[in-house]
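The exercises below ask you to read a predicted model with several chains, working from strand pairing to the contacts between chains. Try each task on the structure before you turn to its solution.

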Amino acid sequence: MQLTRRGFFKSVGAAFAATAAFEVAAASPALAVETSKEWKLVNTEEHTSICCYCAGGCGSLCSVRDGELVNLEGDPDHPINKGGLCPKGASMFQLRNIVDPETREVIKNPERVTKPMVRRPGGKDWEPITWEDAIKEIARKVKDTRDATFIENEGGMTVNWTPGIASLGGSQENSEEEYLILKMMRSLGVVAIDNQARV
Amino acid sequence: MTSHWCDFQNTDVILHCGSNSVENHPVSSKWLNKAHERGAKWIVVDPRYTRTAEMADIYCPIRSGTDIAFYGGMYHYIIENLIEPNLADYLAGKEVPVYNFEYLLNYTNASYLLDPEYSFDVESGLFSGYDEATKTYSNHSWHYQTESEEQWDTAGDYAWAVAPGVPEFTTPTLQHPKRDMTLQDPMCVYQQFKKHYSRYDIETVCSVCGMDRQTLELVYETYTASAAPGKAGMILYALGQTQHTYGAQNTRAMSVMQLLLGNIGVPGGGVNALRGEPNVQGATDMGMMVNEHPAYLKWANTTDRSSLRKWLESQTYSDGYYTNKPKFIVSSLKEWFGENATVENDYGYDWWPKVPSKKTDQDYTHISTFELMSQGVIKGYFNWGMNPCHSAPNASNVRRAMANLDWLVVADQVATESATFWKAPDMSPEEINTTVYFLPCALIYEKPGVILNSGRWLQYRYQAVEPWDEAKPDYEMCDLLWTEICRLYEAEGGANPDPILKTKWDYYIDGKIDPRPVAWALNGYRVASSDFADEKVDLLSGYSEMAADGSTACAMWIYSGFWNNSDAPLDPAAQPIGRRDNDDKSGLGLYSNWAFSWPSNRRILYNRNSADMNGKPWAADKKLVEWTGAKWDLVDQADFVAAKNGTPVPPNNKTFFMLWEQNGRLESYGMEDGPVPEFYEPFESPVEKNLLNGALSSPCMRFAEYESTKHGDASDYPIVATTYSVTEHWQTGGQSRACPALVEAMPAQFVEISEELAAEKSIKPGDKVRVFNNRGSVVVDAVITKRLKPMRVHGVTQHLVGLTHHYSWAGVFGTEAATVNDLTPNVGDPNSFTPEYKAFLVDIERAIGGAK
Amino acid sequence: MAEKAILFDTSRCTGCHACQIACKCWNNLPSPTGLNENKFSGTHQNPPDLNGQTRLIMTYHESEGTLPTKTVQWAFGRRACQHCTDAPCASICPAGAICKDEATGMVTTDNSKCVACQYCSTACPFDVPRYDGVQGTINKCTGCVDRIEQGMPPACVTTCQPEALAFGDRDEMLAEAEKRLEMLKQRGYENAVIYGAEEMGGLHVIQVLKYGVEAHGQVANPTVSPVTTLTNLMKPVTGVVSGVTVLGLAAMFGLAAGYKRDKVVYNAETEDTISLITGDVVKHGDGQDTTSVKDHILENLPGKKGGDHE
């Protein structure tokens, strides 16, 4: 299912040098994205995606080398944007990686949170938590809240409500995820379901 | 959108009203520039001179919140200048080049006779049927008069409705409406419409909207030129229209305008809602809202949808395509509950929660959820990539409400304001007992999946890289959670576990949750020959194969056909959604072989309207469909019945086949707050009197009774404020504030102030400004600009300011103490429950010390 | 390859900033990451000017409208290297770090050769090259010659949604500019002009300026700075080599500009760089040297690295 749009880009005679540079970079704390003046897209594989901002549906091309994102720009074959991207689309690379102004190395975006966290009642800060524990705790809370607030029957009518839980969001997700979330919430009895379309 | 992005190039007149698409949907600029350079005129109606306005030929300022007056004025202009002077000629058989009477008479309900009880009272500002106690209408008198009745032929065309396996229901009766094709009957829609908008003369409209008469006349003249047969005008709108207490009526107003001008269903025309979130089209299609069911069906409720039978009887249309609704709902249930859904148990309908829907019931939509949190009703809350502490109206009220939660789960990429509400500058963490879980999610290019754009195209995102660290796609989180919840209920029991344990959840490939089997569910499949557990699926080629007898399953009938290749069900590239042929064979930018557009790969909705009653295109060079005399020549997929049982169906007037009467509605009984758009002032208005009727604000406005709304008067807060986005940022900034290049390009949120107001308030460039009202007070940077000018409203000078809203206390690269939505009112539209972010009252002053 | 040019049609530009950002992303240029480190300019123009990490900015200029249907005019502009045919930055650069790309006409940079003298900044009639204190080099638009060599347009052009930017053979871009100009005149934009056809011997960024030269922040009649002229006059004295070989004129220029610097000569044939003070080869052209010319110069400077103002 892996889709490569036009196969590999090969640089003019710089392939080896750039790969070597990459290997050096990979061993350092910076990411495996070297900033040498060699052809940036040497030995990259292209994956098409769709922009994560407005609903233009602009196509983007993610250039990946050895598992790491090297570049992201508009998909020139896409009929809507024909390679163009707006400022937000053009900066989608930075959602994952940014250039450190001091070292000029490409580093993981420090604003992004990539591990689960929990904030306990009365707590002034986040604490780390494992995925396993987080899921266990959330499922327990969902069940307790559902069991405590569930209304199975009202005035002789089967209603199967869980008024105690609400779910918000979905416009950021892919459609399959929207369906799974909707299915989970509705089957739990949640009626307070809304997403960005409401506002 | 009824149209799509690439169709913008085909228009003759562009009207931006309530949209700043060049900034907020930047790809639109590519296609608008093409139209412009082909000679299209470009009009921007906006309170501010935006980047879109800079591109246009005509810029017409408008007071925020007065759009219906503007559209009503346009109807008045069309009636006075195009219809009335020419109607007699047209009826006498003369050619009228300036106006498309054929469209109006045949494709809209202009000729339909309304119930004799129908009325509008100017003095009270109310339509017939209003109930003061509940502030709601009964729409009884808004219906048509009936000419004759017709029953479904359950021995012929509708035999499927009584077949074995189909749930029992009483089939609907088709009530053919009475019509007057001369438009002279006083109760015909046209005559009532003409009477209704006779009040919307140009002087009144200018006074209400704060417009200059000459400019407004030029706007009307330029835009209504699209009424000529073969000409197309396009309205582009976004949240500038919808975020009002009459936002849904604004949308209706644009639809009515386009129907009057014959602009719906033609290339370069349409009513084009520019959707703001990457997959908000998908989420809307998915019905991720209280009362909605996937694919524009309605969710179960406690009144007219309290059983499957009631659902079928209240929802199935008597004619048109929605006669098929029983197939859609049964297939949906079949996909939801799998083998547990049988005809004997109503396909599991009762396991679905029924939304409380009596007029006296508590509302559960977005704004109300915070009231319910304050009351302790809602105790647990999921935020999936949404940030209500920043984006919801009256945001400080939201923070306080959320502090009552037992638990909150936030799935996002960054620690948003919602994830950190307990850390907000005005909160005391030690007093807040909410347990908050933050679940790190994968970025779009770190996971595969389906996304829809505003033009209804389903496109595929391939995974490029693995998520960082422990971040996971939402589908994986959801599966982990669901699996654990099911385990708990299986192990321990609990409140009615059936709805949970009977739910079908088998979307795994090689034992791992996978979005591709979910795509099968969305497309639909034949039940008997599919077995997800075995990774086997027999996909439907399209929704015409769906049945109401439980033999087919489909979560989303409108998507059917997007993933229909059973030979390679795991390969998105082998499915219609994966198509990448960008050759434009239509010459109109349809790109029919690129991806898939719902429904059935139609690129322009209602495209039957692009041709006349004989099936000949209005514009010969922009052909979508054409009747050749023997069959339909289809450039786009037919959005009408082009053939029946393999036989071509000759042209008729059924051009809107998603409505039972199959004609476009100038007047509609389907709205909560009136059959035609009527102008009301916003919840907070700078004027004391509505110049057009006796009601100041909408009689059906929602949530104004909540104490938290804290209405402000013009005497205290004389300035009209509106909120909006800049192109460099996006919504609450969770993503864009995490990109240093975007923070650098737009490092602050600001209030735009006219030079006149700045002088009045002694505000200078570089100053900080305090913007305040009853709900909040925020300090932001001043942008003093010529692009915003005071208006003359009701004959007096009216100031207006605009605020961007992308920053708040969270963030690593850029933060601000101010949350602009602290100012916006938590009141809503009675149809959509959408908040009024676009027009409210404030006052401003230079901030002393200028602290952030 | 024929001479190339970027065409910028301000009438199609929406001022969206995408070019500015695509430039940063393609070229791995950083933006400030300290909390609230960016200061808001009070307008849409941020950062307010080019800097060591920013090679391209959009400019915004508001004034009263000239058309009856437009009460305001908001002129969007592009501020970046214009890629002059007679590029004073290239001719003055003592280290061969800025040179004309003969194939395309673009004025490119090679940071490994830059000695941070910043003569180019002084020489540029558009005030474009900026000093990057972290790298210790000059930063300016390179025309994305790396992309051009691969058959791709520059990053700013690729990303431009409204197609205000185009890239192609210079004569074709000029012809297209003429067509656009005519269209604008017909629409009533009487002050519209083409910029870049003749300026500085012909620029490789051709602009269609909807509201005229000044409104879009462009320099009317750009000329070579007197300092550059002086330095060029002195070239024969120090024995300049022809072609792309550039002689470092640091001492001479230093006198003119009030600086005192080491002198190096770059030999384009051997690609060696030679110190005029010691006569040593500072950097060999075979790539064996790990130290850069810059390091050599910096070591020999009285101040710290790139200590131009110290």
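**Exercise 1.** In which sense, and over how many bridges, do E17(B) and strand E18 (residues 457-461) of chain B pair?

*Solution.* Residues are numbered from 1 along each chain as its sequence is written, and chains are lettered from A in the order in which they are written. This is a predicted model, in which local features need pLDDT of at least 70 and side-chain atom pairs count only at pLDDT 80 or more, while totals for chains, interfaces and linings use all residues. Helices (H or I, at least four residues) and strands (E, at least two) are DSSP runs, numbered from the N terminus, and two strands pair if DSSP finds at least two bridges between them. On that basis, E17(B) and E18(B) pair in the antiparallel sense over four bridges. Next, locate individual partners: B:Leu452 has B:Leu458 in E18(B) as its bridge partner, and B:Gly449 stands opposite B:Arg461. Finally, look at the connection, where four residues lie between the two strands of this hairpin and B:Arg456 in the turn has a positive phi of about 70°.

**Exercise 2.** Place E17(B) in its sheet, and decide whether its faces are covered or open.

*Solution.* The open sheet has three strands in the order E17-E18-E23 (chain B), with antiparallel pairing. Strand E17 (449-452) and strand E23 (596-597) each have a single partner strand and stand at the edges, so one side of each lacks a neighbour in the sheet. Then inspect the faces: in a regular strand the side chains alternate between the two faces of the sheet. In E17(B), B:Gly449 and B:Ile451 lie on one side and B:Val450 and B:Leu452 on the other, and all are buried, a term that requires 20 or more other C-beta atoms, placed from the backbone, within 10 Å of the residue's own. Both faces of E17(B) are therefore covered.

**Exercise 3.** Trace the sheet of seven strands and identify its edge strands.

*Solution.* The order of this open sheet is E7(A)-E6(A)-E16(B)-E15(B)-E14(B)-E10(A)-E11(A), and the pairing is mixed. Its edge strands, E7 (127-128) and E11 (192-194) of chain A, each pair on one side only. Strand E6 (residues 117-119) of chain A pairs with E7(A) in the antiparallel sense over two bridges, with A:Pro128 as the bridge partner of A:Met117. Between the chains, strand E10 (residues 165-169) of chain A and strand E14 (residues 380-384) of chain B pair in the parallel sense over five bridges, and A:Ala166 has B:Tyr381 as its bridge partner.

**Exercise 4.** Describe the contact between chains A and B, and the part that H4(A) takes in it.

*Solution.* Residues are in contact if their C-beta atoms, placed from the backbone, lie within 7 Å; the contact takes 105 residues from chain A and 131 residues from chain B. Helix H4 (residues 175-188) gives the most to the side of chain A that touches chain B, with 13 residues. The axes of H4(A) and helix H19 (residues 515-523) of chain B, as lines fitted to C-alpha atoms over the stretch in contact, with angles from 0 to 180 degrees between N-to-C directions, come within 9 Å and cross at roughly 80°. That makes H4(A) roughly perpendicular (65 to 115 degrees) to H19(B). The contact is made by A:Ser175, A:Glu176, A:Tyr179 and A:Leu180 of H4(A) and by B:Pro515, B:Val518, B:Ala519, B:Ala521 and B:Leu522 of H19(B).

Notes: Two residues are in contact if their C-beta atoms, placed from the backbone, lie within 7 Å. A residue is buried if 20 or more other C-beta atoms lie within 10 Å of its own, exposed if 12 or fewer, and partly exposed in between; C-beta atoms are placed from the backbone. Angles under 35 degrees count as roughly parallel, over 145 as roughly antiparallel, 65 to 115 as roughly perpendicular and the rest as oblique.
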